[in-house]
Amino acid sequence: MNDDVWLVIPLYNEARVIAEVVATARAVFPRVVCVDDGSSDASAAEAEAAGAVVVRHPVNLGQGAALQTGFSYALGDPGMRWVVTFDADGQHQVADVVAMLDKARAESLDVVFGSRFLDDRTQAGFLKKLILRAAVGYTNLTTKTRLTDAHNGLRLLSRSVVERLDITQNRMAHASELVAQIGEMDVRYGESPVHILYTDYSKAKGQSIWNAVNILVELILR
């Protein structure tokens, strides 16, 4: 039952929701590793109680660093064939991961990027959409890829791709670095529509607009 798939979840101060996120994911994908990135709350304990493997950073290093740590852990499983990057805050849907995996297997793809802009399920505000599309335009101009949503955190990566990734941008710009590195590889990639659920919880944490702004700033400065 999907034993060749690892979900890698960067985890930072999500004790309120991470147990439900892990439990829901593990009902379909039993292999989940959460990288606790220096949380000051009970995030790690909640994730472990829900059945995830937890790897800890003693201090907060950023999402890029957490993903790279998770990739290294997943590569330690010789049976791993796929890695999924998955958010800890409940915005990602397990059903979308299933569709991405089906697409990768049916079309012999090495990478499937989730896209909020291939259907109308994701209800993002006008300003957020505008900023994200600007980031996509910049990424498409500066990498050897053509995507509709380059900064979506839901991605499916084959083992051969994960083995070659080396993420050094620890903050939000890691997403563009990841896309750029994949663009340099001779691999087949595609996109799949996903539903990003912007909850009251995630909006209260300031993720609705400021993450998109941070992406643009870090793209310019990196």
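1. Let's start with Lys 103, which counts as partly exposed at 22% relative accessibility. The cut-off for buried is under 20%, so Lys 103, at 22%, falls in the partly exposed class. Keep in mind while reading that this is a predicted model.

2. What does Lys 103 pair with? Lys 103 forms a salt bridge with Glu 107, and the closest N and O atoms of the two are 3.1 Å apart. Both residues sit in helix 4, and because they are 4 residues apart, about one helical turn separates them. Glu 107 is partly exposed too, with a relative accessible area of 37%.

3. Staying with helix 4 (residues 94–107), have a look at Arg 105. Arg 105 makes a salt bridge with Asp 4, where the closest N and O atoms are 3.3 Å apart. This pair links distant parts of the chain: Asp 4 lies in the segment before strand 1 (5–11), and 101 residues separate it from Arg 105. As for exposure, Arg 105 has a relative accessible area of 42%, so it is partly exposed.

4. How many salt bridges are there in the whole structure? A search finds 5. Another of them joins Arg 56 to Glu 48, with 3.5 Å between the closest N and O atoms. Arg 56 is partly exposed at 47% relative accessibility, and Glu 48 is also partly exposed, at 40%.

5. On to the strands. Strand 2 (residues 32–37) and strand 3 (residues 53–57) run parallel, joined by 5 bridges. If you want a pair to find on screen, Val 33 is opposite Val 53 of strand 3. Between the two strands the chain passes through helix 2 (residues 43–49), and the resulting β-α-β crossover is right-handed. Back to the salt bridge from point 4: Glu 48 falls within helix 2 (residues 43–49), and its partner Arg 56 falls within strand 3 (residues 53–57).

6. Last, the inside. The count comes to 1 cavity of 30 Å³ or more, and the largest cavity has a volume of about 40 Å³. Which residues line the largest cavity? They are Pro 10, Gln 63, Leu 67, Thr 85, Phe 86, Asp 87, Gly 153, Arg 155 and His 174. By type, the lining divides into 3 nonpolar, 4 polar and 2 charged residues. Pro 10, one of the lining residues, belongs to strand 1 (5–11).

Key
Residues are numbered from 1 along each chain as its sequence is written. This is a predicted model: local features need pLDDT of at least 70, side-chain atom pairs count only at pLDDT 80 or more; totals for chains, interfaces and linings use all residues. Side-chain values use heavy atoms; hydrogens and water are left out. Two strands pair if DSSP finds at least two bridges between them. A crossover is right-handed if, with the strands pointing away from the viewer, the path from the first strand over the helix to the second runs clockwise. On a 1 Å grid over the protein atoms alone, a cavity is a set of points where a 1.4 Å probe fits but cannot get out, and a pocket is an open set with protein on both sides within 12 Å along at least five of seven lines; lining residues have an atom within 4 Å of a point. Grid points are joined across faces, edges and corners, and a volume is the space filled by probe spheres set on the points. Ala, Val, Leu, Ile, Met, Phe, Trp, Tyr, Cys and Pro count as nonpolar, Asp, Glu, Lys and Arg as charged, and the others, Gly among them, as polar. A salt bridge is a side-chain nitrogen of Lys or Arg within 4 Å of a carboxyl oxygen of Asp or Glu. Buried means under 20% relative accessible area, exposed over 50%, partly exposed in between (1.4 Å probe, protein chains only).
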